Amino acid sequence: MGALDRVRREVERNALRGRNGIRMTTGISQPGVGQSPKQVVWRRGRCELWHYRNDNIRVSPPLLIVFSLISRSYILDLSPGNSFIERLLAAGFDVYLLDWGIPDERDAANQLEDYVDDYLPAGIARVRRLSGSGQVNLLGYCFGGVLTLLHAARHPVSPLRSLTVLATPVDFQQMSPLADVFGAGRLEVDRVLDADGNIPPQVILQAFRSLTPTAEITSYVNLWERLWSDEYVEAHQAMTGWAHDHIPFPGAMARQTVQMLLRDNAMITDRLVVGGDQVHLAGITVPFLSVLASRDHIVPVAAAGPLIGLVGSPDKHELRLDAGHIGLVVGKTAAKTTIPTIIDFLRQRSEVTA
Amino acid sequence: MSGRSPLRRAYDAVERVVTPRAEALVRTSQFADASVLLARTQRLVRDQVNGISARLWHLVNLPTGTDVQRLRVQLGALDREVRRLALRLEQAKGVTDDAFDPEPDGSTRPRTPRGGTQRPPGT
């Protein structure tokens with residue numbers, strides 16, 4: 001490329017940078033997220049069960065996704081063409097999602113039992129009733145994976161056809177620096193609770209920022225370089241918007257998580273207690289898939305890796321991918337490897353019609 | 001990376017040096033101690049300010065923000081109990097339609113589940 005062409009290209013790009021910069025700062029351009037058509041088919045408290053519209057269901061039983069309790073579920077349906085949900089629908093699945101909404105002071109006393117013994121069974125029952133199917137395929141993402149594990153272990157008669165978990169920690173003591181701050185009685189959860197009795201989203205955001213201290217600066221440098229590209233700006237806005245969009249974490253469950261899952265490391269030491277009863281991950285016997293990312297800075301391999309050895313399923317599989325925490329469900333690795341593998345795993349354990 | 005601007009190359013060089021050190025730093029016990037100290041200080045300041053404010057409002061016999069917060073948390077706990085009871089009742093009744101909020105078009109209708117095997121076939 002000649003010098004004149006380079007100058008011309010830079011002038012054009014700077015004009016586009018100016019336009020996109022103004023759009024971003026004034027908030028004119030907002031990326032559309034979570035656009036797959038869906039219905040709220042059940043709700044209790046802040047919790048909602050979403051049913052995604054699919055006119056071509058070819059796989060049975062339906063798939064129920066349980067999302068994490070620290071961020072917003074639209075990451076699974078980020079944008080058209082870059083949506084985990086969209087791919088599942090295209091593969092013929094009947095997809096439901098349990099969304100926890102935005103916890104407030106009414107949820108401050110929520111414990112693991114609320115989710116494991118109440119919301120999840122109610123959600124599963126509702127899915128069975130709506131779909132007419134006797135069973136469900138269950139999929140948990142991040143802390144949602146922890147909830148699904150506890151549910152499957154505590155309720156061995158739960159009508160699950162299979163269980164899939166993504167980026168799900170079991171060895172919480174490997175989750176540095178969270179483990180360093182809250183472990184060994186250094187800091188009590190009550191010290192960081194807000195007036196509602198929950199861990200505020202700002203604390204969660206700061207915790208995530210501290211995991212990759214320079215990532216935010218790099219993302220802005222990348223944005224400046226590619227600010228001329230509408231496509232890049234839209235993707236950047238969607239991703240950074242989600243990355244800053246955390247929700248309060250119920251205070252009572254935070255205490256339970258720190259004491260039982262972190263300090264007692266109960267998943268590893270087999271000392272899990274839910275609702276007063278001992279729970280054993282070895283009691284999970286349904287077909288099981290664990291997906292983890294080798295470059296995950298939130299749930300490192302050391303925290304998620306031991307899971308496959310803890311569950312009792314004879315039909316269990318682990319998929320380790322060269323991706324980050326979010327890269328499991330968004331972007332190229334998700335599209336090329338994660339989603340096809342999950343689809344393949346579920347289809348092999350489901351009834352598929354042509 | 002030859003297509004990158006000199007500024008970007010300079011940033012990448014600095015970033016390559018700084019990032020591993022910064023990431024190692026946040027995983028040290030000193031960083032954990034500093035985070036704990038910061039959290040405790042913030043909490044201490046907040047409690048002091050709330051305490052002074054509460055004494056002032058109580059002097060004129062008015063409830064403070066923390067009084068209202070306490071009430072909200074108590075109501076929240078009550079709300080949770082009711083919610084849990086409602087969910088269990090729903091389960092016991094075999095899922096009735098009391099919490100069912102279909103969309104206005106009514107396209108999703110509850111159906112009676114078929115099958116109901118507790119384990120996948122063959123296990």
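**Interface and salt bridges of chains A and B**

Between chain A and chain B, 22 residue pairs are in polar contact, both residues of each pair having pLDDT 80 or more. The model is a predicted one. On the side of chain A that touches chain B, two or more residues each come from β1 (38-44), α3 (112-131), β7 (160-166), α5 (178-182), α6 (201-211) and α7 (215-226) of chain A. Helix α3(A) gives the largest share of that side, 13 residues. By class, the chain A side holds 25 nonpolar, 19 polar and 21 charged residues.

The contact count involves 65 residues of chain A and 60 residues of chain B. The area buried between the two chains is about 5400 Å². Carbon and sulfur atoms give 48% of that area. In chain A, the residues that lose the most area to chain B are A:R44, A:R129 and A:R186. Together these three arginines account for 13% of what the chain A side buries.

Salt bridges also cross the interface. The rule finds 11 of them between chain A and chain B. Over all chains, the structure holds 36 salt bridges. One that crosses the interface pairs B:R72 with A:D196, with the closest N and O atoms 3.2 Å apart. Another is formed by the side chains of A:D107 and B:R83, at 3.4 Å from N to O. A:D107 sits in the loop between β5 and α3 of chain A, while B:R83 belongs to helix α3 (residues 65-92) of chain B, so this pair joins two chains. Both partners fall under the 20% cut-off for burial. A:D107 counts as buried because its relative accessibility is 3%. B:R83 counts as buried because its relative accessibility is 5%.

Within chain A, A:R46 forms a salt bridge with A:D104. The closest N and O atoms of this pair are 3.9 Å apart. The bridge links distant parts of the chain, its partners being 58 residues apart. A:R46 is in the loop between β1 and β2 (47-52) of chain A. A:D104 is in the loop between β5 (95-99) and α3 of chain A. Both A:R46 and A:D104 are buried.

A:R320 and A:E318 form a further salt bridge, with the closest N and O atoms 2.8 Å apart. A:R320 has 46% relative accessibility and therefore counts as partly exposed. A:E318, at 30% relative accessibility, also counts as partly exposed. A network built from salt bridges that share partners joins A:R46, A:D104, A:R106, A:D107, B:D79 and B:R83. This single network includes residues of chain A and of chain B.

The overall fold of chain A comprises 13 helices and 14 strands. Its C-alpha atoms fill a box of roughly 75 × 55 × 35 Å, taken along the principal axes. The radius of gyration of chain A is 21 Å. For 354 residues, a compact globule would have a value near 20 Å, so the chain agrees with that expectation. Of the 354 residues of chain A, 59% count as buried. Contacts in chain A often span the sequence: among those between residues at least 6 apart, 78% join residues at least 24 apart.

Definitions and conventions. Residues numbered from 1 in each chain as written. Chains lettered and ligands numbered in written order. Predicted model: local features only at pLDDT ≥ 70, side-chain atom pairs only at ≥ 80, totals over all residues. Heavy atoms only, no water. Contact = heavy atoms within 4.5 Å. Buried area = accessible area lost by both parts, 1.4 Å probe. Salt bridge = Lys/Arg side-chain N within 4 Å of Asp/Glu carboxyl O. Polar contact = N/O pair within 3.5 Å; in protein donor to acceptor, adjacent residues only side chain to side chain. Helix = DSSP H or I, 4+ residues; strand = E, 2+ residues; numbered from the N terminus. Nonpolar A, V, L, I, M, F, W, Y, C, P; charged D, E, K, R; others polar. Buried < 20%, exposed > 50% of the residue type's maximum accessible area, 1.4 Å probe, protein only. Rg over C-alpha atoms; globule rule 2.2 N^0.38 Å.
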